[in-house]
Amino acid sequence: MSHSRSGKYEVIVVGAGHAGCEAALAAARLGAKTLVVTANTDHIGHMPCNCSIGGPAKAHLVREIDALGGEMGRNIDATYTHIRLLNTSKGPAVQSLRAQADTEQYAHRLGDVLRAQSGVVIEQGEVVAFEVDRGRIRGVVTSSGHTWHTNTAIVTVGTFLNGVVRLGELSFPAGRAGDPPAAGLSESYRKLGFEVKRRSPN
């Protein structure tokens with residue numbers, strides 16, 4: 001991993017889950033100087049809910065990522081606890097491969113791959129706003145007031161965008177696995193004219 005802390009990058013990726021890691025690796029492998037900004041660097045590639053890779057709804061996507069040189073297929077091959085072909089009693093159109101990951105090993109290995117990738121810099125921080133000039137992205141701003149400049153930002157915050165946890169009648173802002181929600185980023189999207197349907201709890 002490059003340790004340059006320059007404020008200008010060709011690509012900035014916000015978030016470091018499945019999508020963020022794949023985006024950052026793809027950009028860097030194409031030669032772009034890439035920054036990954038994530039709220040918790042200890043949770044890179046974290047799988048808090050579903051430990052499955054593949055299956056009827058996702059196997060085709062995993063294969064497409066694999067064909068494009070992505071990391072998900074390699075990572076699950078190295079960290080699965082068991083793997084099986086589903087629907088073998090039916091035709092090939094509905095058969096699909098599914099693996100269950102050792103979630104700690106999966107995240108650990110994916111984080112190692114990302115950190116070892118030439119051209120990738122990883123920073124911990126909460127992106128709360130976009131810097132925009134005449135309709136074009138110019139950078140991202142963190143909650144600490146730091147700005148990193150870029151002409152290309154890839155946002156992969158997923159369910160963190162105005163994330164809410166609901167426990168019966170109780171609701172409160174939250175990400176997953178104890179992480180905070182991306183509330184500031186949601187407001188920044190609204191200011192730019194985008195519709196954000198998820199609202200913070202009252």
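## How α1 meets α4

Let's start with a helix pair: α1 goes past α4 in a left-handed crossing. On the α1 side, the touching residues are His18, Cys21, Ala24, Leu25 and Arg29, and on the α4 side they are Tyr106, Leu110, Val113 and Leu114. Sort the residues of this contact by class and you get seven nonpolar, one polar and one charged. Keep in mind that you're looking at a predicted model.

If you want to find the pair in the structure, α1 covers residues 18–29 and α4 covers residues 103–116. Their axes come within 10 Å and cross at roughly 25°. Angles under 35 degrees count as roughly parallel, so α1 and α4 are roughly parallel to each other.

## How α3 meets α4

Helix α4 has another partner to look at, α3, which spans 72–79. Here the axes come within 9 Å and cross at roughly 130°. That angle makes α3 oblique to α4. As for the handedness, α3 passes α4 in a right-handed crossing.

Who does the touching? From α3 there are Met72, Arg74, Asn75, Ile76, Ala78 and Thr79, while α4 brings Gln105, Tyr106, Arg109 and Leu110. The class split for this contact is five nonpolar, three polar and two charged. Tyr106 and Leu110 of α4 are worth picking out, since they turn up in the contact with α1 and also in the one with α3.

## The largest pocket

Now for the open spaces. The largest pocket holds about 850 Å³ of space, and 39 residues line it. To find its middle, look for Gly17, Thr156, Val157, Phe160 and Arg176, the lining residues that lie nearest the centre.

Several named elements help build the lining: α1, β2 (34–38) and α2 (59–67) each give at least two residues. The largest share comes from α1, with four residues. So the helix that packs against α4 also has a part in this pocket. By class, the lining comes out as 19 nonpolar, 15 polar and five charged residues.

## The second largest pocket

The second largest pocket has a volume of about 220 Å³. It is lined by 13 residues, and those closest to its centre are Val62, Gly73, Ile76, Asp77 and Leu97. One of these, Ile76, is also among the α3 residues that touch α4.

Which elements supply this lining? At least two residues each come from β3 (52–54), α2, α3 and β5 (96–101). Helix α2 gives the most, with four residues. That same name came up before, as α2 also supplies at least two residues to the lining of the largest pocket. Split by class, the lining of the second largest pocket has seven nonpolar, two polar and four charged residues.

Terms used
Residues numbered from 1 in each chain as written. Predicted model: local features only at pLDDT ≥ 70, side-chain atom pairs only at ≥ 80, totals over all residues. Heavy atoms only, no water. Axes fitted to C-alpha atoms, helices over the stretch in contact; angles between N-to-C directions. Parallel < 35°, antiparallel > 145°, perpendicular 65-115°, else oblique. Left-handed = near helix turned anticlockwise from the far one by under 90°. Contact = heavy atoms within 4.5 Å. Nonpolar A, V, L, I, M, F, W, Y, C, P; charged D, E, K, R; others polar. 1 Å grid on protein atoms, 1.4 Å probe; cavity = no way out; pocket = protein on both sides within 12 Å on 5 of 7 lines; lining within 4 Å. Points joined across faces, edges and corners; volume = space filled by probe spheres on them.
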